[in-house]
Amino acid sequence: MKTFLVCISVLASSLSTAQDAVDKYIQTQMEKEKVVGLTVGIIKNGEIVKVKGYGKANLEHNVATSENTVYKLASVSKQFIATAIMKMVEDRKLSLQDPVNKFFKDAPTHWRKITIRHLLNHTSGLQRESPAFEEMVEKPDSVLIKAAYQDTLAFPTGTRWQYCNLGYFMLADIIRQKSGQPFPTYMRDELFVKHGLLNTQTTSVKTIIPNRADGYVNYKNVLLNAADYIALRPSGAFVSTIYDMLKWEMLLQQNKILKESSLKQMWSDNEKTPAVSTRGEPIYYGYGWRVTRYLNKDIVFHTGVLPGFRTIFYRIQDEKTAIIILANSELSDIVKTAEGLADVVLTNGK
């Protein structure tokens with residue numbers, strides 16, 4: 001960790017103009033949107049150039065954010081599940097074409113055409129949530145999955161795209177079945193601890209997590225504590241720090257977790273979504289990642305939304321550049337915030 005910090009310090013000292021511009025931009029956005037706290041990490045051309053916390057992690061105890069503040073990642077978590085699945089595909093433990101009935105043998109007949117690939121890119125036709133899902137009630141994944149057996153498909157499998165958290169419950173349970181371990185244990189041991197992401201774990205309201213940020217909502221210009229979901233939803237399962245997210249990005253760039261071909265498949269085997277970018281570009285969905293264009297550059301990203309938290313992992317592919325924002329407040333448009341930082345980073349603050 002000491003070498004990691006020294007490296008960041010040396011790199012940052014040579015980029016003071018861009019650093020000042022980043023600070024000014026973030027502070028302006030925080031004031032504009034009444035953001036309590038956030039932490040930013042930036043990698044440019046394969047090197048870490050910015051790591052900083054702004055504002056407060058906890059208002060009641062007057063705790064400042066820092067590089068070690070732990071945030072809920074929300075749906076940024078999907079990339080980890082997709083990566084675990086792709087690792088199993090590389091190891092020939094799974095095939096993307098495996099039908100889900102192979103793993104859920106009592107599933108209804110109208111699920112027979114659904115494959116692992118459909119779950120990854122939200123084209124299964126399954127409803128967005130299990131009918132049994134409740135934010136404030138803990139239930140086993142198997143109960144939630146079986147409760148969805150009674151639902152009809154929203155559309156024929158593979159014919160269009162619709163965001164589906166239920167699909168990621170199923171992917172998490174497939175990981176459990178193939179690994180022989182509880183989903184959180186497998187992810188911790190094989191994906192996080194194994195690669196030095198020691199502050200990334202499944203979230204829990206019971207577990208004591210040092211440096212955990214509290215979430216806040218702005219209701220009629222009054223700051224309130226956000227609801228803290230009790231249910232663990234694999235599609236938004238994890239908490240982490242900016243350091244771990246930066247390490248993760250470097251591991252991806254260096255192909256130390258997945259082969260380059262597997263990563264490219266996660267982004268290139270995508271489906272068009274109804275959404276468009278802030279510049280009117282179409283947005284596609286791969287395996288746990290959204291794909292679009294910004295300023296004629298290929299962008300791979302994902303946002304996360306939970307009460308009191310907004311996150312984004314924003315990658316500028318050809319530049320080996322990434323912007324990661326973890327916030328404990330509900331920014332109205334975190335994508336625009338990331339794009340604004342991209343403008344600053346790519347122009348060195350000019």
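These are my notebook entries on a predicted model of one protein chain.

**Entry: the whole chain**

I began with the overall build. I found ten helices and 14 strands in the protein chain. Next I looked up the radius of gyration, which is 20 Å, close to the 20 Å that the globule rule gives for 350 residues, so the chain is as compact as a globular protein of that length. I also checked the box around the C-alpha atoms: along the principal axes it is roughly 60 × 45 × 40 Å.

Then I turned to cover and surface. Of the 350 residues, 55% count as buried. The chain exposes about 15500 Å², and carbon and sulfur atoms supply 50% of that area.

I wanted to know how contacts run along the sequence, too. Taking contacts with a separation of 6 or more, I see that 66% of them are accounted for by residues 24 or more positions apart.

**Entry: helix α3**

Does the length of α3 come out as expected, or what is its span? I looked at both ends. Helix α3 covers residues 78-90, and at 1.5 Å a residue its 13 residues should span 18 Å; the end C-alpha atoms are 18 Å apart, which agrees.

I then checked its cover. Eleven of the 13 residues of α3 are buried, so the helix is largely enclosed by the rest of the structure. Among the buried ones I noted Phe 80, Ile 81, Ile 85, Met 86 and Met 88. Charged side chains turn up in that list as well, including Lys 78 and Glu 90. Just past the helix I stopped at Arg 92, which follows α3 and has a positive phi, near 60°.

**Entry: helix α6**

I gave α6 the same treatment. This helix runs over residues 165-179, 15 residues in all, and reaches 21 Å from its first C-alpha to its last, close to the 21 Å expected at 1.5 Å a residue. I find α6 mostly covered, with eleven of its 15 residues buried. The buried set includes Leu 166, Tyr 168, Phe 169, Met 170 and Ile 174, and Asp 173 is in there too.

What do the buried residues of α6 pack against? I get α3, α4, α5, α7 (183-192) and β10 (282-285). After α6 comes Gly 180, with a positive phi near 75°.

**Entry: Ile 283 in β10**

Since β10 came up among the partners of α6, I picked a residue from that strand, Ile 283. Its relative accessible area is 8%, so Ile 283 is buried. I listed its contacts, leaving out residues up to four places away in sequence: among them are Glu 271, Val 276, Arg 290, Val 291 and Phe 301. I also took one C-alpha distance, from Ile 283 to Asn 270, which is 13 residues away along the chain: 9.6 Å.

**Entry: salt bridges**

How many salt bridges are there in the whole structure? My search finds 20. I looked at several of them.

Asp 228 and Lys 72 meet through their side chains at 2.6 Å, N to O. This pair links distant parts of the chain, 156 residues apart: Asp 228 sits in the loop between β7 (222-225) and β8 (238-240), while Lys 72 belongs to strand β4 (residues 71-72). Are the two partners buried or partly exposed? Asp 228 counts as partly exposed because its relative accessibility is 36%. Lys 72 has a relative accessible area of 12%, under the 20% cut-off, so it is buried.

Asp 189 and Arg 188 also form a salt bridge, at 2.8 Å from N to O. Asp 189 is partly exposed at 29%, and Arg 188 is partly exposed at 41%.

Glu 260 pairs with Lys 264, their closest N and O atoms being 3.2 Å apart. Both lie in helix α9 (residues 260-268), four residues apart, which is about one turn of the helix. An α-helix has 3.6 residues a turn, so residues three or four places apart point the same way. Glu 260 is partly exposed, with a relative accessible area of 44%, and Lys 264 counts as partly exposed at 46%.

I also noted a network of salt bridges that links Asp 23, Lys 50 and Lys 52.

**Entry: a nonpolar patch**

Last, I went over the surface. Which residues make the nonpolar surface patch of about 280 Å²? I count Met 136, Val 137, Val 205 and Ile 230 in it. I followed up on Met 136, which lies in the loop between α4 (116-120) and α5 (141-147). Met 136 counts as partly exposed because its relative accessibility is 44%.

Key
Residues numbered from 1 in each chain as written. Predicted model: local features only at pLDDT ≥ 70, side-chain atom pairs only at ≥ 80, totals over all residues. Heavy atoms only, no water. Patch = residues over 30% accessible without salt bridge, like charges linked within 9 Å, V, L, I, M, F, W, Y side chains within 5 Å. Areas by Shrake-Rupley, 256 points an atom, 1.4 Å probe, with all protein chains shown as cover. Salt bridge = Lys/Arg side-chain N within 4 Å of Asp/Glu carboxyl O. Helix = DSSP H or I, 4+ residues; strand = E, 2+ residues; numbered from the N terminus. Buried < 20%, exposed > 50% of the residue type's maximum accessible area, 1.4 Å probe, protein only. Rg over C-alpha atoms; globule rule 2.2 N^0.38 Å. Contact = heavy atoms within 4.5 Å. Expected span 1.5 Å × (residues − 1).
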